[in-house]
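Reader: I am new to reading protein models and would like a close look at a single part. Could you take me through one strand and its surroundings step by step?

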Amino acid sequence: MKDKSVQFVCTQCGRAESKWLGRCPDCGSWNSFEEELILPKQTKPGKTAQISLETKPVSLEDIQVEPGFRYESGISELDRVLGGGVMRGSSILLGGEPGIGKSTLMLQMIEKCSLKRSVLYVSGEESPSQVKLRAQRLGLKLSKISIFCDTRVEVLVNVLEKMKPQVLVIDSLQTLSSSEVASPAGSVNQIRFCSTELVGIAKQLGISLFLVGHVTKEGVLAGPKVIEHLVDTVLYFDQVGSGVRLIRAAKNRFGSVDEIGIFHMGEKGLTAVTNPSSFFITDREGESAPPGIAYTAVVEGSRTFLVEIQALTVPSKNGFSRVYSDRIDTARVTRIAAILERHAQVRLNDQDIYVNVAGGMRLSEVSIDLPLALALWSALKGVSLPSSLVSYGEMSLAGEVRTVGFAEKREKASSELGFKRVLLPKSNKSKADLKVYPVDTIKKALGVCSTLT
Ligand SMILES: [Zn+2]
């Protein structure tokens with residue numbers, strides 16, 4: 001008989017299976033499956049029925065929204081991705097690679113929070129004196145903050161019930177342990193059990209809970225993925241380029257997941273990049289950019305950025321073309337290359353193609369099709385596009401250039417940054433004071449570009 005109370009969980013992506021697998025079919029990790037006990041449901045039988053007899057639906061009009069339910073963390077970029085601030089009683093998971101700056105961000109946040117709220121910082125990674133040294137290095141005043149270095153959940157719950165802090169940071173969730181679970185700290189069992197306990201008590205006591213989780217490529221520790229479903233908000237901290245950090249929400253019960261937070265990492269910690277529209281483009285002198293470079297405007301949440309797409313083509317050595325691109329999906333690059341080849345007679349099938357985005361921003365918007373095509377064309381032909389030209393547009397497999405959203409935002413940002421000309425889908429109406437080149441096919445777009453170079 002198979003024991004039904006255990007399952008196997010991938011420590012990297014959280015996939016559950018009834019039997020152990022050597023390789024995860026979802027994320028492709030090897031030896032990442034770990035045995036997990038299925039915890040019995042805590043509710044007693046009959047309780048659900050009892051509750052449903054007593055509770056009644058209420059009119060939405062009668063519901064009072066408590067003031068102060070959402071408050072500012074003091075870090076504007078963090079508030080932005082959280083959807084306008086921290087919710088009371090909510091749980092937030094902050095994941096990222098070790099050393100990326102998660103603890104720094106948390107310390108900077110609790111310094112601000114502690115001005116108005118009681119804060120408890122639980123450190124399982126560093127001793128109190130190490131935390132203090134780190135805070136001093138960052139120039140932070142943490143005098144109002146309580147620090148606790150015991151990561152046994154039973155002890156912690158006891159402390160929380162007595163102290164009732166308004167903000168709780170657990171750094172990191174991989175150091176938590178409970179005596180009720182036999183497996184070591186950092187295992188799927190421990191992480192799931194301890195997180196469930198803490199999320200529950202945070203909700204009950206109205207504590208805003210921040211759980212810091214390391215994402216490790218080696219898979220020594222179970223990743224934050226295994227508890228994503230337990231928390232209200234999941235944020236991932238990512239490094240782009242040198243010194244630039246992005247925070248994105250992968251899940252947000254209290255806001256959208258479109259917003260990104262941008263920070264610059266320096267000696268004194270993280271500073272918010274409040275006006276990032278020009279952050280991802282290189283300042284260039286002169287009329288034209290080097291061959292292979294095209295500018296575009298992308299919209300992320302409420303903000304618009306100008307970014308620079310770079311392409312390089314070199315004759316392939318072994319006769320077939322390969323695509324190297326980690327900031328734009330390789331499949332998209334291949335598709336655009338095929339469209340260029342078929343509809344604009346741009347021969348790329350004997351070329352190795354390299355694509356990059358200045359500043360390391362990852363791009364996935366459909367509007368980058370056209371600038372990507374222009375960059376590839378410019379790289380292959382060795383001709384420069386004007387440095388005052390910005391473009392955007394989605395491309396169909398039939399070689400048409402199609403309408404994109406937020407045209408006004410894109411034009412406004414482009415014009416503010418000194419761009420003079422815009423190549424855009426014919427179906428997009430233009431209002432800005434830029435010189436406009438409307439096109440409906442890739443062939444026409446390249447025709448316009450030829451006259452501009
Ligand atoms: Zn997996």
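Which residue in strand 12 is the bridge partner of valine 240?

Author: The bridge partner of valine 240 in strand 12 is valine 244. Before going further, please keep in mind that this is a predicted model, in which local features need pLDDT of at least 70 and side-chain atom pairs count only at pLDDT 80 or more, while totals for chains, interfaces and linings use all residues. Residues are numbered from 1 along each chain as its sequence is written, and side-chain values use heavy atoms, with hydrogens and water left out.

The part to look at is strand 11, which covers residues 233-240; strands (E, at least two residues) and helices (H or I, at least four residues) are DSSP runs, numbered from the N terminus. Strand 11 is mostly covered, since six of its eight residues are buried, where buried means under 20% relative accessible area, exposed over 50%, and partly exposed in between, with a 1.4 Å probe and protein chains only.

Strand 11 pairs with strand 12 (residues 244-252) in the antiparallel sense, over eight bridges, and two strands are said to pair if DSSP finds at least two bridges between them. Strand 11 also pairs with strand 6 (residues 91-96), here in the parallel sense and over four bridges; within this pairing, isoleucine 92 has threonine 233 of strand 11 as its bridge partner. As a general point, the side chains in a regular strand alternate between the two faces of the sheet.

If you now step back, you will find strand 11 between strands 6 and 12 in an open sheet of nine strands, whose order is 8-7-9-10-6-11-12-13-14 and whose pairing is mixed. The edges are strand 8 (146-148) and strand 14 (269-272), each of which pairs on one side only. From one strand to the next the twist averages 25°, an angle taken between axes, which are lines fitted to C-alpha atoms (for helices over the stretch in contact), with angles running from 0 to 180 degrees between N-to-C directions.

Elsewhere in this sheet, strand 9 (residues 167-171) and strand 10 (residues 208-214) run parallel and are joined by five bridges, and valine 169 stands opposite phenylalanine 210 in strand 10. Helix 5 (residues 153-163) lies across strand 7 (119-123), strand 8 and strand 9, and runs at about 170° to strand 7, where contact means heavy atoms within 4.5 Å.
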